[in-house]
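Here are my comments on the model, set out point by point so that each can be checked against the coordinates.

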Amino acid sequence: EMGFRCFRMSINWTRIFPNGEEQEPNEEGLRFYDNVFDECLKYGIEPLVTLSHYETPLQLALKYNGWENRKMIEFFVHYAVTVFKRYRNKVKYWIPFNEINMSLHLPYTGGAIFIEKSQNELEAIFQALHHQFIASAKAVQLAHEIDPDYKVGNMMIYATSYPLTCDPDDIIKNQQQNHIMNYFCSDVQCRGYYPTYMKRYFKENNIEVTMEPGDEEILKAGPVDFYTFSYYMSVCQTADPTKGAGEGNILGGVANPYLKASDWGWQIDPKGL
């Protein structure tokens, strides 16, 4: 009745593989989504389906510390291929990971990582992201093999970022924030390789991301077909340590004096979109 022609939704990984390691899927879970997709298609609504939306099977987090462990690629690809084949005639548009860059702020939410188990927090986060990049690229390739009409995209949380002042240090701080939070993950997924600014960032912060032989080729062969993002608020960046973070702002930064905030503390900025 509202005229929707697309329904963006997520499959819950644990409905298909409750522990994440099973070889055979849960048929009841698969039938559940058959019914959802059938209902959408009955009304001419195209499903846009996310495979992993902050719900990595708990067993994989407990046993492997989530995406910090490379074995997660194997589990995810098995899950992806299962649903790609099952819903071949019902779904055309897929997204492997919801807001993949959220691991940079909330590593448990985005990467199922118990960060206190990791010796180097930043290194664990970027290692987990690398494994997700490889899983995404493999999913893209396999989706295209299973059905050439499949389109596989990425998903970012995007926060327009402004320098708080025209102080050059604030400008640089804002550039760095934009590169790491807003551009890095989508550069890898859309272009198929790591940007030079991240290689420099890794070097300057003593971050070693372990890559296996062939990883660069996998990334190059599996760029996404389309780009999507969510937008909630904008943020300001400053190099001044005396400036406090904006209240309730999950993406860091400081309050913009020109914007009002919601009851949550998220600053309201339609122009930022």
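The points below take up a strand and its partners, a helix pair, and two individual residues.

1. The model is a predicted one, and the remarks that follow should be read with that in view.

2. I would begin with strand β3, which spans residues 93–97 and is mostly covered, four of its five residues being buried. On one side of the pairing scheme, β3 is joined by four bridges to strand β2 (residues 46–52), and these two strands run parallel. Within this pairing, T50 has I95 in β3 as its bridge partner.

3. Strand β3 also pairs with strand β4, residues 151–157, again in the parallel sense and over two bridges. Here W94 is the residue that stands opposite V152 in β4. Taken together, the pairings place β3 in parallel register with β2 and with β4.

4. Turning to the helices, two packed helices are described by the angle between their axes and the distance between the axes. For helix α4 (residues 71–86) and helix α6 (residues 121–146), the angle is about 25° and the axes lie 10 Å apart. Because angles under 35 degrees count as roughly parallel, α4 is described as roughly parallel to α6. The crossing of α4 and α6 is right-handed.

5. Which residues of α4 and α6 meet in this packing? From α4 the contact draws on I73, F76, V77, V81, F84 and K85, while α6 contributes H131, I134, A135, K138, A139, L142, A143 and I146. By character, the residues of the contact of α4 with α6 comprise 11 nonpolar, one polar and two charged.

6. Helix α6 also contains L122, which deserves separate comment. L122 counts as partly exposed because its relative accessibility is 36%, a value that falls between the limits of 20% for buried and 50% for exposed. Leaving aside residues up to four places away in sequence, L122 touches Y201 and I207. The C-alpha atoms of L122 and Q132, which are 10 residues apart in sequence, are 15 Å apart in space.

7. Is D167 buried, partly exposed or exposed? With a relative accessible area of 36%, D167 is partly exposed. D167 is located in the loop between β5 (161–163) and α7 (168–191). As for its distance from N65, a residue 102 positions apart from D167 along the chain, the C-alpha atoms of the two are separated by 41 Å.

Note on methods. Residues are numbered from 1 along each chain as its sequence is written. This is a predicted model: local features need pLDDT of at least 70, side-chain atom pairs count only at pLDDT 80 or more; totals for chains, interfaces and linings use all residues. Side-chain values use heavy atoms; hydrogens and water are left out. Buried means under 20% relative accessible area, exposed over 50%, partly exposed in between (1.4 Å probe, protein chains only). Axes are lines fitted to C-alpha atoms, for helices over the stretch in contact, and angles run from 0 to 180 degrees between N-to-C directions. Angles under 35 degrees count as roughly parallel, over 145 as roughly antiparallel, 65 to 115 as roughly perpendicular and the rest as oblique. A crossing is left-handed if the near helix is turned anticlockwise from the far one by less than a right angle, and right-handed if clockwise. Contact means heavy atoms within 4.5 Å. Ala, Val, Leu, Ile, Met, Phe, Trp, Tyr, Cys and Pro count as nonpolar, Asp, Glu, Lys and Arg as charged, and the others, Gly among them, as polar. Two strands pair if DSSP finds at least two bridges between them.
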